[in-house]
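These are my notebook entries on one protein structure. I record what I looked up and what I found.

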Amino acid sequence: MKFKIALKATAIALALGASCAASANALDDVKSRGTLVCGTLGTSEPFSFQDPKTRQVVGYEVDLCQEIADHLGVKLEIKMIAVAARIPELVAGRVDVVAANLGWSPDRAQQIDYSYADYVSPQKILIRSSDADTLKTPADLSGKRVSAVSGSSSEAGAKRLIPNVTTVTFKDPPTSYLALQQNKVSGFVGSELMLLKFEQESRKTGSKTQMIDKPLFTEPWGIGVRKGEKELLAEVNDTLAQLEAAQKAQAIFDKWFGKDTKFYTKRTFKFEEIKG
């Protein structure tokens with residue numbers, strides 16, 4: 001009898017423990033741990049990439065994660081993740097937030113919560129300059145093959161917006177670009193700034209590339225938080241709002257996209273709610 005009672009008590013204790021773990025508050029976990037784990041790509045200059053001198057992961061999105069960690073009074077831990085792993089890593093709790101070129105879409109918004117928009121990205125198509133006379137708009141790639149990073153919104157956008165297109169996906173931008181250079185595809189779909197880097201690199205080689213002027217689509221990016229973690233999401237948004245109010249948002253943008261950088265663009269957006 002005593003044995004059965006002991007077993008029952010143990011079962012209740014385990015059930016309560018599982019219930020508490022399932023309902024754990026992400027913000028409390030971060031503060032208790034003393035570390036914010038930020039998932040980022042590490043392969044997407046200037047958003048997050050390895051500094052060739054220090055081998056540290058740096059970039060625009062890394063700076064934003066640092067600001068959030070500072071706001072919470074904790075240390076920052078950067079975890080490099082693949083594009084296709086962004087939402088799975090977040091949902092599984094292996095990262096606290098995701099700042100990894102995370103474009104907003106209705107489908108993703110059902111799986112995770114988004115912060116205020118921290119970037120707005122035109123999605124364009126890179127082509128070989130030798131094809132520029134025949135490939136002048138995204139529609140001209142109808143029925144052709146284009147490369148994209150697996151699991152990216154660029155891949156989904158190409159399927160949705162280019163009639164009869166065949167998408168050939170790869171794990172990262174460099175291999176997607178290589179497919180274009182090797183004539184395996186007619187175009188490479190990605191964010192404008194990412195493609196700009198490859199376009200600039202191609203000028204040093206005999207196989208030049210260029211972007212089609214007209215964007216395939218434009219998307220807001222945000223920082224991903226697990227669904228229902230309202231407290232952590234509120235702190236992330238509070239951080240972004242304070243950066244905007246103090247004009248530090250512009251300073252961080254200029255650090256990576258200003259006139260003295262190879263990614264010079266004008267900031268035409270603010271940190272504000274994404275309106276799908």
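**Entry 1. Contacts of one residue**

Leaving aside its neighbours within four places in sequence, with which residues is F257 in contact? I note first that the model is a predicted one. I looked up F257 and found it in contact with P46, F47, Y60, Y119, L193, F263, Y264 and T265, its neighbours within four places in sequence being left aside.

**Entry 2. The nonpolar cores**

I then asked which residues touch the most other members of the largest nonpolar core. They are Y60, Y119 and F257, in a core of 46 residues. Helix α3 provides the largest share of this core, with 6 residues. Another core lies apart from it and has 15 residues, including I87, V95, L102 and I274. As background, I wrote down that nonpolar side chains in soluble globular proteins tend to be buried together.

**Entry 3. The protein as a whole**

I turned to the overall values. The protein has 276 residues, and 49% of them are buried. Its secondary structure comes to 10 helices and 12 strands. The C-alpha trace spans about 85 × 45 × 40 Å along its principal axes. Among contacts with a separation of 6 or more, 70% are between residues 24 or more positions apart.

**Entry 4. Helix α8**

Which residues of helix α8 are buried? In this helix, which covers residues 192-202, I found L193, M194, L195, L196, F198, E199 and S202 to be buried. I next looked up what these buried residues pack against. Their partners are β7 (112-128), α7 (173-181), β10, β11 (209-211) and α10 (248-257). L193 also appears among the contacts of F257 in my opening entry.

**Entry 5. The disulfide**

How many disulfides does a search of the whole structure find? The search returned 1. Its partners are C38 and C65, with sulfur atoms 2.1 Å apart. The pair links distant parts of the chain, for C38 is in strand β1 (residues 35-40) and C65 is in helix α3 (residues 60-72), 27 residues apart.

I also asked whether the two cysteines are buried or exposed. C38 has a relative accessible area of 1%, so it is buried. C65 has a relative accessibility of 0% and therefore counts as buried. The cut-off that I applied is a relative accessible area under 20%.

**Entry 6. The largest pocket**

I next looked up pockets. Rolling a probe the size of a water molecule over the atoms shows where empty space is left. The largest pocket holds about 340 Å³ of space. Its lining has 22 residues, and S105, R108, S152, S153 and A156 lie nearest the centre. At least two lining residues come from each of α4 (86-91), α5 (106-111), α6 (153-161) and β12 (217-226). By class, I recorded 10 nonpolar, 7 polar and 5 charged residues in this lining.

**Entry 7. The second largest pocket**

The second largest pocket holds about 270 Å³ of space. It is lined by 22 residues, and those nearest its centre are L41, V83, N101, V149 and P173. Two or more lining residues come from each of β2 (43-44), α6, β10 (187-191) and β12. Which element gives the most to this lining? It is β10, with 3 residues. By class, the lining has 9 nonpolar, 9 polar and 4 charged residues.

**Entry 8. Backbone details**

I closed with the backbone. The peptide bond from E45 to P46 is cis, and its omega is near 5 degrees. P46 is located in the loop between β2 and β3 (48-50). I had already met P46 as one of the contacts of F257.

Where does N164 lie? I found N164 in the loop between α6 and β9 (166-170). Its phi is near 55 degrees, a positive value in a residue other than glycine. Its relative accessibility is 67%, so N164 counts as exposed.

Q247 is not a glycine either, yet it has a positive phi of about 65 degrees. This residue lies in the loop between α9 (230-245) and α10. Q247 counts as exposed because its relative accessibility is 62%. For both residues I applied the cut-off for exposed, which is over 50%.

Key
Residues are numbered from 1 along each chain as its sequence is written. This is a predicted model: local features need pLDDT of at least 70, side-chain atom pairs count only at pLDDT 80 or more; totals for chains, interfaces and linings use all residues. Side-chain values use heavy atoms; hydrogens and water are left out. A disulfide is a pair of cysteine sulfur atoms within 2.5 Å. Helices (H or I, at least four residues) and strands (E, at least two) are DSSP runs, numbered from the N terminus. Buried means under 20% relative accessible area, exposed over 50%, partly exposed in between (1.4 Å probe, protein chains only). On a 1 Å grid over the protein atoms alone, a cavity is a set of points where a 1.4 Å probe fits but cannot get out, and a pocket is an open set with protein on both sides within 12 Å along at least five of seven lines; lining residues have an atom within 4 Å of a point. Grid points are joined across faces, edges and corners, and a volume is the space filled by probe spheres set on the points. Ala, Val, Leu, Ile, Met, Phe, Trp, Tyr, Cys and Pro count as nonpolar, Asp, Glu, Lys and Arg as charged, and the others, Gly among them, as polar. A nonpolar core is a set of buried Ala, Val, Leu, Ile, Met, Phe, Trp, Tyr and Cys residues joined through side-chain atoms within 4.5 Å. Contact means heavy atoms within 4.5 Å.
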